[in-house]
Amino acid sequence: MSEIVLQIDGKEVGAEEGMTLLEAARSAGIAIPTLCHHEKLEPYGGCRLCIVELESRGWTKLVVACIYPVENNLIVRTRSGKVDQIRKMILELLLAHAPDAIALQDLAKEYGADKDRFEKEASFCIHCGLCVRYCSEVKKKNAIGFVDRGTRREISFIPEIASKECWNCKECFPLCPTEALQAAFVLTKALISPPHPGPEPRG
Ligand code: SF4
Ligand code: FES
């Protein structure tokens, strides 16, 4: 039985204690865009794309739906001028890193984001952390991790683990919103594979 009742986009939604706004919205068929969320993983709140507007006692505030817990009588708007503007900006920043990512392009169309607004810094990885967290939390293998910090942060397979675990798994591949993961994997594979034998010495 639902313990909590809130309003999302004008619709009364029942939710259980401990659910997030994102889970409550999805259970009611209301879509909120996400880039770093996965139902099998701990809430992360990294990409901020799932931002929504809350109304409470005459005030509005912006919160991250994938980590914000449901409360009785909350009034939630998943789209508003402010929400759309922030999502547009986030997408423009991410598109500077991964301009060809289909998932980002589709969202950019919906939010009117300009993929050329910011100077390109193509790193292809948008740091959603899905691959790293999935490998750690679900597979318990830690075959992939983040290296470096700030703008130089990137994902990297750990060769010693990847050489044993990844070839027959690859469950993280479909989670990646860009091509970064596959590219990193190909690179790791090339580095780990024994070199191709050269031509036999003559004579
Ligand atoms: S490689 Fe892909 S899944 Fe992994 S953190 Fe980067 S964008 Fe996310
Ligand atoms: S999906 Fe909520 S912050 Fe990324």
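Is Gly 145 buried or exposed? The legends below take up that residue and several others in this predicted model.

**View 1. Gly 145 in its strand.** Start with Gly 145, which is found in strand β6. Gly 145 counts as buried because its relative accessible area is 15%, and buried means under 20%. Leaving out neighbours within four places in sequence, you'll find Gly 145 in contact with Val 132, Glu 154, Ile 155, Ser 156 and Ile 158. Now look for Gln 7: Gly 145 and Gln 7 are 138 residues apart in sequence, and their C-alpha atoms are 39 Å apart in space.

**View 2. The surroundings of ligand 1.** Where does ligand 1 sit? Ligand 1 is in the largest cavity. Four cysteines are easy to pick out by name around the ligand: Cys 125, Cys 128, Cys 131 and Cys 176 are among the residues there. Ile 126, Gly 129, Phe 146 and Ile 155 are also around ligand 1, and so are Pro 177, Thr 178, Ala 180 and Leu 181. Sorted by class, this shell has ten nonpolar residues, two polar ones and no charged ones.

**View 3. Helix α2 and what covers it.** Here's a quick check you can do with a ruler tool. Helix α2 covers residues 81-97, which makes 17 residues, and at 1.5 Å a residue it should span 24 Å. The C-alpha atoms at its ends are 25 Å apart, so the two values agree. Which residues of α2 are buried? They are Val 83, Arg 87, Ile 90, Leu 91, Glu 92, Leu 94, Leu 95 and Ala 96. When you scan a list like that, it helps to know that an α-helix has 3.6 residues a turn, so residues three or four places apart point the same way. Among the elements covering the buried residues of α2 are β3 (51-56), β4 (59-64), β5 (75-77) and α3 (102-111).

**View 4. Ala 98, in the loop after α2.** Ala 98 belongs to the loop between α2 and α3. With a relative accessible area of 4%, Ala 98 is buried. Who does Ala 98 touch, leaving aside neighbours within four places in sequence? Its contacts are Leu 104, Phe 124, Ile 126 and Thr 178. Ile 126 and Thr 178 may ring a bell, as both are among the residues around ligand 1. Cys 125 is worth finding too: its C-alpha atom is 6.8 Å from that of Ala 98, with the two positions 27 residues apart along the chain.

**View 5. Helix α4 and the loop that follows.** In helix α4 (residues 130-138), the buried residues are Leu 130, Cys 131, Val 132, Arg 133, Tyr 134 and Cys 135. The buried residues of α4 pack against β6 (144-147), β7 (154-157) and α6 (180-192). After α4 comes Lys 140, which has a positive phi near 55°. Asn 142 lies in the loop between α4 and β6; its phi is positive as well, about 50°, although Asn 142 is not a glycine. Asn 142 counts as partly exposed, at 41% relative accessibility.

**View 6. Arg 48, another positive phi.** Arg 48 lies in the loop between α1 (21-27) and β3. Its phi is near 70°, a positive value in a residue other than glycine. Arg 48 is partly exposed, and its relative accessible area is 39%.

**View 7. Asn 72, in the loop between β4 and β5.** Asn 72 is in the loop that joins β4 and β5. At 45% relative accessibility, Asn 72 is partly exposed. Not counting residues up to four places away in sequence, Asn 72 touches Glu 3, Ile 4 and Val 5. How far apart are the C-alpha atoms of Asn 72 and Cys 176? They are separated by 35 Å, and the two residues are 104 residues apart along the chain.

**View 8. Trp 167, between two helices.** Trp 167 lies in the loop between α5 (159-165) and α6. Trp 167 is partly exposed, with 29% relative accessibility. Setting aside residues up to four places away in sequence, Trp 167 touches Ala 162, Phe 185, Lys 189 and Ile 192. For one of these partners, Phe 185, the C-alpha to C-alpha distance from Trp 167 is 9.5 Å, across 18 residues in sequence.

Note on methods: Residues are numbered from 1 along each chain as its sequence is written. Chains are lettered from A and ligands numbered from 1 in the order in which they are written. This is a predicted model: local features need pLDDT of at least 70, side-chain atom pairs count only at pLDDT 80 or more; totals for chains, interfaces and linings use all residues. Side-chain values use heavy atoms; hydrogens and water are left out. A residue is near a molecule or strand if one of its heavy atoms lies within 4 Å of it. On a 1 Å grid over the protein atoms alone, a cavity is a set of points where a 1.4 Å probe fits but cannot get out, and a pocket is an open set with protein on both sides within 12 Å along at least five of seven lines; lining residues have an atom within 4 Å of a point. A molecule sits in a cavity or pocket if more than half of its atoms lie within 2 Å of its grid points. Ala, Val, Leu, Ile, Met, Phe, Trp, Tyr, Cys and Pro count as nonpolar, Asp, Glu, Lys and Arg as charged, and the others, Gly among them, as polar. Helices (H or I, at least four residues) and strands (E, at least two) are DSSP runs, numbered from the N terminus. The expected span of a helix is 1.5 Å times one less than its number of residues. Buried means under 20% relative accessible area, exposed over 50%, partly exposed in between (1.4 Å probe, protein chains only). Contact means heavy atoms within 4.5 Å.
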